[in-house]
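Open the model in your viewer and keep the selection panel at hand. This tour goes stop by stop: what to select, then what is there.

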Amino acid sequence: MTRLIFLGAPGAGKGTQAQLLAASCGIPHISTGDILRAQVKDQTELGITAKSYMDKGELLPDSLILDMIRDRLNQADAVKAGWILDGFPRNVSQAEFLDRLLAEIGQSYNLAIDIHVPQDRLVERLLNRATIQNRPDDTEDVIRRRLIVYEEQTVPLTDYYQQKGVLRSVDGDRELAEVTHHLESLVK
């Protein structure tokens, strides 16, 4: 059973690659970003609270995300087939929560995959995406703030997963198909 954690800065391509790999493996792609954007669009209580953080380029508090992850990992498709987590965990505290949660529900993950891309390319990609997808949360100031927050809070995850012996790094600054092929070879 394939269960993967995708790490990488905003704009690294982890969402795109997670979707492609999930389709190839026949497993759900669980994106906290997609779930949260849907909550914001539907103006749910969680969505309204989340938007206040997203508009500033800050990560959401763990308390807003943890129950959502627990519920999603317990859904039948994730239990039966496996999953790819995209956008969670974002810090070591969340990774420790995930480890406890998976032990509690009798699941584990195979790999944590870090997709890395140089910062200038990330800014370029995110500005392009903001234009194409009309994403108001991707202004240049917010993008740069998100990358700073990523460096401060999320990068320590690579050390966490490296110490567990499950981290694999992938160069995400290549052609889409090359990155996808590399990921597929890691999973096999």
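The stops below run from the sheet to a single side chain and then to the helix pairs. Keep in mind that this is a predicted model.

**Stop 1: the sheet**

Show the strands. They form an open sheet of 5 strands in the order S2-S3-S1-S4-S5, and the pairing is parallel. Now select residues 29-31, strand S2, and residues 167-171, strand S5. These two stand at the edges. Each has a single partner strand, so one side of each lacks a neighbour in the sheet. Look along the sheet for its turn: on average, neighbouring strands are turned by 25° against each other, direction ignored.

**Stop 2: one edge pair**

Keep S2 and add strand S3, residues 82-86. The two run parallel, joined by 3 bridges. Which residue of S3 is the bridge partner of isoleucine 30? Select leucine 85 to see the partner.

**Stop 3: a helix over the sheet**

Select residues 156-164, helix H9. H9 lies across three strands: S1 (2-7), S4 (111-116) and S5. Against S1, H9 runs at about 145°.

**Stop 4: methionine 68**

Go to methionine 68, in helix H4. Is this residue buried or exposed? Its relative accessibility is 13%, and buried means under 20%, so methionine 68 counts as buried. Now show its contacts. Leaving out residues up to four places away in sequence, methionine 68 touches Thr32, Ile35 and Leu36. Pick threonine 32 for a distance check: it is 36 residues from methionine 68 in sequence, yet 8.5 Å away in space, C-alpha to C-alpha.

**Stop 5: H2 and H3**

Leu36 leads on to the next pair. Select helix H2, residues 32-41, and helix H3, residues 45-54. Their axes come within 7 Å and cross at roughly 110°. That angle makes H2 roughly perpendicular to H3. The crossing is left-handed. Show side chains at the contact: Leu36, Arg37, Gln39 and Val40 from H2 meet Leu46, Gly47, Ala50, Lys51 and Met54 from H3. By class, this contact has 5 nonpolar, 2 polar and 2 charged residues.

**Stop 6: H4 and H6**

Return to H4, residues 62-73, and add helix H6, residues 92-105. At what angle do H4 and H6 pack? The angle is about 30°, with the axes 11 Å apart. H4 is therefore roughly parallel to H6. H4 passes H6 in a right-handed crossing. On the H4 side, select Asp62, Ile65, Leu66, Ile69, Arg70 and Leu73. They meet H6 residues including Phe97, Leu98, Leu101 and Leu102. The residues of this contact divide into 9 nonpolar, 2 polar and 3 charged.

**Stop 7: H7 and H8**

Finish with helix H7, residues 119-133, and helix H8, residues 140-154. Their axes come within 10 Å and cross at roughly 140°. H7 and H8 are therefore oblique to each other. This crossing is right-handed. From H7, show Gln119, Leu122, Val123, Leu126, Leu127 and Arg129. From H8, show Glu140, Ile143, Arg144, Arg146 and Leu147, which they meet. Color the contact of H7 with H8 by class: 6 residues are nonpolar, 1 is polar and 4 are charged.

Notes
Residues numbered from 1 in each chain as written. Predicted model: local features only at pLDDT ≥ 70, side-chain atom pairs only at ≥ 80, totals over all residues. Heavy atoms only, no water. Axes fitted to C-alpha atoms, helices over the stretch in contact; angles between N-to-C directions. Helix = DSSP H or I, 4+ residues; strand = E, 2+ residues; numbered from the N terminus. Parallel < 35°, antiparallel > 145°, perpendicular 65-115°, else oblique. Left-handed = near helix turned anticlockwise from the far one by under 90°. Contact = heavy atoms within 4.5 Å. Nonpolar A, V, L, I, M, F, W, Y, C, P; charged D, E, K, R; others polar. Pairing = 2+ DSSP bridges. Buried < 20%, exposed > 50% of the residue type's maximum accessible area, 1.4 Å probe, protein only.
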